[in-house]
Amino acid sequence: MPELGDELAGDAIRVLRANDRGTWTRPSPRLYPHQWSWDAAFVAIGWAHFAPHRAVAELRSLFRGQWADGMVPQIVFDGSVALGAYEPRQRTWGTAGLCPPSVATSGICQPPMHAIALARVRAITARHHEGALAAVDAAVADLYPRLAAWHRWLHTARDPEGTGLVTIFHPWESGLDNSPRWDDALAAVAIREETSGDRPDLVHVADASERPTDDDYRRYHTLVRELVEVGYDHERSHRTHPFRMADVLFTAILAAADDALADLAGIAGHPEAADAHRADAERSRRGLDACWDPARCACLDRDLVADRWVTADTIAGFAPLVAGCDTDRAAALTARLAGPSFAGAPGLRWAVPPSTAVDDPAFDPRSYWRGPTWPVITWLLWWALERDGHHSRADALRTAAVAQLRASGCSEYAEAVTGEPLGSNAQSWTAAVALDWLAHEPREPQEPNVSHPPRLGVVAGWP
Ligand code: 9WN
């Protein structure tokens with residue numbers, strides 16, 4: 001348990017409570033008033049530290065929006081929020097008839113953090129709230145088939161050729177919306193004239209230059225329109241959609257989540273399914289191997305429309321660390337992560353990795369996903385390093401990240417160099433990872449003890 005007297009823990013709990021909508025949590029009070037998919041996963045980890053029942057409610061609530069084909073949508077809308085408070089609003093998505101009755105959702109997805117989160121919720125509960133374990137295990141049994149259907153959909157609908165790589169159809173699906181990774185592919189998308197110019201997001205941020213541009217937004221809306229017009233027929237989209245990207249970070253998260261799902265299968269009473277989940281994870285790792293660029297020491301996305309590699313140097317290049325990789329690759333990547341292009345860049349206020357390498361031409365320390373640091377991304381890398389036994393690297397990241405949070409609170413992201421808090425100042429997923437970090441007892445520094453394939457230990461043990 002984090003020390004409840006700790007000021008940061010107190011702030012983080014207040015943020016989660018203030019954004020709590022009963023069974024789900026707004027990412028932030030004004031900017032993001034609905035339930036978001038991968039936010040819900042991180043948020044569940046935060047709730048687990050002081051309210052395990054609430055943690056599983058978060059995931060159950062999200063899965064109310066799961067489509068019959070297995071997709072878990074990026075947004076489950078809150079019908080009580082004023083229309084126009086967030087754009088694109090419900091109707092724009094044209095999903096009635098595809099999403100479950102009486103639930104409104106968007107029509108795209110986000111990275112599948114959910115099995116990782118559920119496994120961690122269970123581990124936290126087993127360690128700190130034994131009395132709640134039976135209820136959490138019941139939720140695992142209930143959620144497992146839904147998680148399995150979600151992963152199956154990703155492995156088929158989004159990887160029809162079995163390459164091991166997930167194709168995304170919209171930058172929002174990556175979760176790293178405005179990353180320079182998408183610049184060239186997005187620029188090639190012809191803006192449709194009829195797309196809306198409404199930007200309620202700009203009402204809630206003081207400086208518009210921190211957010212995507214109007215042209216970015218018009219292209220985001222154009223891509224939604226294209227998906228609506230084909231009725232979310234993914235077979236057609238794989239042939240004709242103007243934005244098709246094999247996303248390495250999404251794929252890596254799926255690999256790690258498949259390993260977590262293998263662990264959860266046993267708890268859910270389906271131990272026979274574990275091997276298939278591990279085989280899925282292995283296929284994703286092989287897919288990532290095919291995207292490895294040794295000269296850049298990075299994993300590269302593949303633009304499937306232009307048929308070329310994406311060479312922007314961003315945090316996504318560390319995908320193999322998240323998925324689990326062999327010892328040599330992990331050593332090279334951990335050194336690079338701590339090096340002068342990322343967390344070790346000279347002059348950074350806190351040694352946490354910027355979203356884009358400081359020496360990439362597109363690096364911008366204030367602009368959305370183009371340079372600032374995101375605590376949840378630091379958490380993801382920290383979690384993977386801990387999982388694979390890179391404890392001293394992991395501790396260095398955690399120490400720097402907690403120092404940053406103590407100074408700047410639970411902001412959505414932070415200016416890469418100065419550490420100035422940016423975006424929403426009460427972001428739920430930042431509060432969640434703050435609680436998880438505070439609860440973590442650092443170990444004695446030791447050498448990495450695990451190589452490929454990684455042992456997760458996410459259910460019985462601890463990270
Ligand atoms: C679009 C909610 C979400 C996060 C994303 C982040 C941002 C939405 C937006 O906010 O995206 O999904 O409107 O900018 O990029 O990662 O899930 O916090």
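This passage describes the ligand site, the cavities and pockets, and two backbone features of a predicted model. Residues are numbered from 1 along each chain as its sequence is written, and side-chain values use heavy atoms, with hydrogens and water left out. In this predicted model, local features need pLDDT of at least 70 and side-chain atom pairs count only at pLDDT 80 or more, whereas totals for chains, interfaces and linings use all residues.

The ligand is surrounded by 17 residues, the closest being Asp39, Tyr86, Gly175, Asp177 and Trp369, where a residue is near a molecule if one of its heavy atoms lies within 4 Å of it. By class, this shell comprises ten nonpolar, four polar and three charged residues; in this scheme Ala, Val, Leu, Ile, Met, Phe, Trp, Tyr, Cys and Pro count as nonpolar, Asp, Glu, Lys and Arg as charged, and the others, Gly among them, as polar. Oxygen atoms of the ligand take part in polar contacts, that is, pairs of N or O atoms within 3.5 Å: a polar side-chain atom of Tyr86 lies at 2.6 Å from a ligand oxygen, a polar side-chain atom of Trp38 at 3.1 Å from a ligand oxygen, and a backbone N or O atom of Gly175 at 2.7 Å from a ligand oxygen. Of the 410 Å² of accessible area that the ligand has on its own, the protein covers 100%, with areas taken from the Shrake-Rupley method with a 1.4 Å probe.

On a 1 Å grid over the protein atoms alone, a cavity is a set of points where a 1.4 Å probe fits but cannot get out, and a pocket is an open set with protein on both sides within 12 Å along at least five of seven lines; lining residues have an atom within 4 Å of a point. Three cavities of 30 Å³ or more are found by this rule, and the largest, with a volume of about 220 Å³, is the space taken by the ligand. Its lining consists of 21 residues, of which Tyr32, Trp36, Gln110, Asp177 and Tyr368 lie nearest the centre of the cavity; helix 2 (37-48) and helix 8 (214-229) are the elements that give two or more residues to this lining.

The largest pocket has a volume of about 260 Å³ and is lined by 14 residues, with Asp159, Glu161, Thr163, Thr167 and Leu304 nearest its centre.

As for the backbone, Glu87 and Pro88 are joined by a cis peptide bond with omega of about 0°, and Pro88 lies in the loop between strand 2 (75-76) and helix 4 (114-128). Ser102, which is placed in the loop between strand 2 and helix 4, has a positive phi of about 65° although it is not a glycine.

Note on methods
A polar contact is a pair of N or O atoms within 3.5 Å; within protein, one must be able to donate a hydrogen and the other to accept it, and residues adjacent in sequence count only if both atoms are side-chain atoms. A molecule sits in a cavity or pocket if more than half of its atoms lie within 2 Å of its grid points. Grid points are joined across faces, edges and corners, and a volume is the space filled by probe spheres set on the points. Helices (H or I, at least four residues) and strands (E, at least two) are DSSP runs, numbered from the N terminus.
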